[in-house]
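Got the model open in your viewer? Let's walk through it one selection at a time.

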Amino acid sequence: MEQRILLIEDNPDITRVVQYELEQAGYRVLTAPDGVTGLTSARENAPDLVILDLGLPDFDGAEIARRLRKTSAVPIIILTAMDAVDRKVNLLEAGADDYMTKPFHPEELVARVKVQLRHQQHGEVIQIGALEIHPQKRLCHYNGHEVRLSPKEFDLLTFLARQPGRVYSRQEIEREVWNGELPSNSNVVDVHMANMRAKLRDLDGYGIIRTVRGIGYALKTP
């Protein structure tokens, strides 16, 4: 699955340059011009990393970092024009994983993005109740027992687990897990869901995948 970077930046020139460099590096880039839009995008799209400008028009970037940290462990890189040591310490305490002082070279930012994503992948564990997913190792356990999933089943369950409780439509799932390559009116998503449920049922985990009639699927929260 393509890794997604959320860029929260109000300067259109910086947005354009950073977006271009990240897309050239193979990432999918989502953009937001202010804090409110950025928080909404983070909630709806579950990005793999957030690049956050400190001087947003509506909220201070440190406040946005604190709000993101309340619900997510996503890596956060902050862009700031301030070079004071105490300010940098405050940013790290607010939840930032790294920071860059403006002006910066876009290639260095891309390099730092790669480092943060590499750290996240090596140590990431998604834990939702009795469900435990290790994305890098591609292992899934429920109640301490391994769930033997096919590659697409694993991608699908991991996608749902990154935002438990959120209902995803079949179209969203097809776009993210199958890159939008399924034919129209395909039942592939439903078949994979049924297969995963059957495997989880054997471990008393059948009910963790919720069907919302007429809309799609969600992973239940504990």
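Start with the whole protein chain shown as a surface: its accessible area comes to about 11,400 Å², and 48% of that belongs to carbon and sulfur atoms (Shrake-Rupley method, 1.4 Å probe; for residues, only the protein chains shown count as cover). Before you click further, note that this is a predicted model, where local features need pLDDT of at least 70, side-chain atom pairs count only at pLDDT 80 or more, and totals for chains, interfaces and linings use all residues. Residues are numbered from 1 along each chain as its sequence is written, and side-chain values use heavy atoms, with hydrogens and water left out.

Now switch to cartoon. You should find 8 helices and 12 strands (DSSP runs numbered from the N terminus: H or I of at least four residues for helices, E of at least two for strands). The radius of gyration is 19 Å, close to the 17 Å that the globule rule gives for 222 residues, so the chain is as compact as a globular protein of that length. That radius is taken over C-alpha atoms, and the rule is 2.2 Å times the number of residues to the power 0.38. Of the 222 residues, 47% count as buried (under 20% relative accessible area; exposed is over 50%, partly exposed in between; 1.4 Å probe, protein chains only).

**Stop 1: strand S3**

Select residues 49-53. How many residues of S3 are buried? The count is 5 of 5. Turn on side chains: Leu49, Ile51 and Asp53 point one way, Val50 and Leu52 the other. In a regular strand the side chains alternate between the two faces of the sheet.

Add S1 (residues 4-8), which pairs with S3 in the parallel sense over 4 bridges (strands pair if DSSP finds at least two bridges between them). Ile8 stands opposite Leu52 here. Then add S4, joined to S3 by 4 bridges and also running parallel; Leu52 stands opposite Ile78 in S4.

**Stop 2: Thr80**

Stay on S4 (residues 76-80) and pick Thr80. Thr80 is buried, with a relative accessible area of 1%. Leaving aside residues up to four places away in sequence, Thr80 touches Leu54, Leu91, Met100, Thr101 and Lys102 (contact means heavy atoms within 4.5 Å).

**Stop 3: Ala111**

Jump to helix H5 (residues 106-123) and find Ala111. Buried or partly exposed? At 39% relative accessibility, Ala111 counts as partly exposed. Draw a C-alpha to C-alpha distance to Leu22: the two are 9.8 Å apart in space and 89 residues apart in sequence.

**Stop 4: the four-strand sheet and H6**

Here an open sheet of 4 strands runs in the order S6-S7-S8-S9, with antiparallel pairing. S6 (126-128) and S9 (145-146) stand at the edges with a single partner strand each, so one side of each has no neighbour in the sheet. Zoom in on S8 (residues 139-142), which pairs with S9 over 2 bridges; His141 has Glu146 as its bridge partner.

Next, select H6 (residues 151-161): 9 of its 11 residues are buried, so the helix is largely enclosed by the rest of the structure. The buried residues include Phe154, Leu157 and Phe159.

**Stop 5: the three-strand sheet**

Finish with the open antiparallel sheet in the order S10-S12-S11. S10 (168-169) and S11 (209-212) are the edge strands, each pairing on one side only. S11 and S12 (residues 216-219) share 4 bridges, and Thr211 has Tyr217 as its bridge partner in S12.
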